Amino acid sequence: MNPNLQIKIGDLIFKNPILIASGTGGFGKEISIFYSLEILGGFVTKSITLKPRLGNLPPRIWETPCGLLNSIGLENPGLEIFMIEELPFLEKINTNIIVSIAGESIEEYEILVKELNNTNISAIEVNVSCPNVNKGGIQFGLDKEILYELIKRLIKITQKPLWIKLSPHTERIDEIAKILKKARVSAIVLFNTFLGLAIDWKNRKPVFKNIFAGLSGPAIKPLVLRYIWEIFEKVKIPIIGCGGIICFEDVLEYILAGASLIEIGTANFINPLICKEVIEKLENYFIEEKIQDLIGKAHKRKEEF
Ligand code: RRO
């Protein structure tokens, strides 16, 4: 392990900047067949809700030339089953476990946070950007006032670091980032998926029952990078980059643009070993180039968090 790859966000130490993004590694068991999750900087779970959810009717995923559309619909076992059947496995892994939560109401988010207070997890990722549910999800992230109210209430009831995962469709992300900094959240995660559309031209109708679906993968990388650049210039808050990262070079681009940590998502479906490979390459690169720190170094302004 190269100590220079270590990142500190608040009081949390990450052995390297690579995390598995929410929704792409489930609750860890399947992907841990490929490598020990201890090598990761962290692992973010699939979002959990208070009650179990079956998710949307199929089709749920659709490949495009450079990205993946999904309409999973927040399928998850719910808080109680998560605590009994999934969390004990995750808590044994010697890395940062971040639990993603989603709710239909502020009260639902509050209950989830209160329950997670009594666990050993490192942080809570607040998903206010799920594009595929009819109630809640993205609605909490699009409106400044509603988001501020939600975060203010959650901050009051927990000592756990809160990360807020935003939608790229939120207006004035710079203003939202300032509000979140003021509310003292630990980090913002840019971004959840972009809303996209696929048409089944043979049957002359949309592919997905909900019509729109979430686009991830290489198609969105330049779009997300642009926002990371902009927010890094404007707001002094740790940024976690997420969107279309498929190789070590993509990780460097994100870090140089201003991301402190990187969440790798869709690429896990193409190559389940991607995070391991990227970490190895990062370690070698940092040693060969004698790098101490790379965050935001493509900017004139150079700051550390
Ligand atoms: O489950 C989903 O459909 C889903 C979620 Br919760 C999310 O946050 N982002 C996404 O693209 N899909």
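**Exercise 1. The two faces of β8.** Determine which residues of β8 point one way, which point the other way, and whether they are buried or exposed.

*Solution.* This is a predicted model, in which local features need pLDDT of at least 70 and side-chain atom pairs count only at pLDDT 80 or more, while totals for chains, interfaces and linings use all residues. Residues are numbered from 1 along each chain as its sequence is written, and side-chain values use heavy atoms, with hydrogens and water left out.

Begin with the strand itself: β8 covers residues 123-127, where strands (E, at least two residues) and helices (H or I, at least four) are DSSP runs numbered from the N terminus. In a regular strand the side chains alternate between the two faces of the sheet. Next, sort the residues: Ala123, Glu125 and Asn127 point one way from β8, whereas Ile124 and Val126 point the other way. Finally, check the cover: five of the five residues in β8 are buried, that is, under 20% relative accessible area, with exposed meaning over 50% and partly exposed in between (1.4 Å probe, protein chains only).

**Exercise 2. The place of β8 in the barrel.** Find which strands form the closed barrel and how β7 is joined to β8.

*Solution.* The closed barrel has eight strands in the order β3-β4-β7-β8-β9-β10-β15-β16, with parallel pairing; two strands pair if DSSP finds at least two bridges between them. From one strand to the next the twist averages 25°, angles being taken from 0 to 180 degrees between the N-to-C directions of axes, which are lines fitted to C-alpha atoms, for helices over the stretch in contact. Four bridges join β7 to β8, and Ile98 has Ala123 as its bridge partner in β8. Strand β4 (residues 42-44) is joined to β7 (residues 96-101) by three bridges, with Asn96 as the partner of Gly42.

**Exercise 3. The packing of α7 on α9.** Describe how α7 and α9 pack, and which residues make the contact.

*Solution.* Two packed helices are described by the angle between their axes and the distance between the axes. For α7 and α9 (residues 274-288) the angle is about 65° and the axes are 9 Å apart. Phe248, Val251 and Leu252 of α7 meet Val278, Lys281, Leu282 and Tyr285 of α9, contact meaning heavy atoms within 4.5 Å.

**Exercise 4. The open sheet.** Explain why β5 and β11 each have one side without a neighbour in the sheet.

*Solution.* The open sheet has four strands in the order β5-β6-β14-β11, with antiparallel pairing. Because β5 (61-64) and β11 (194-197) stand at the edges, each has a single partner strand, and one side of each is left without a neighbour in the sheet.
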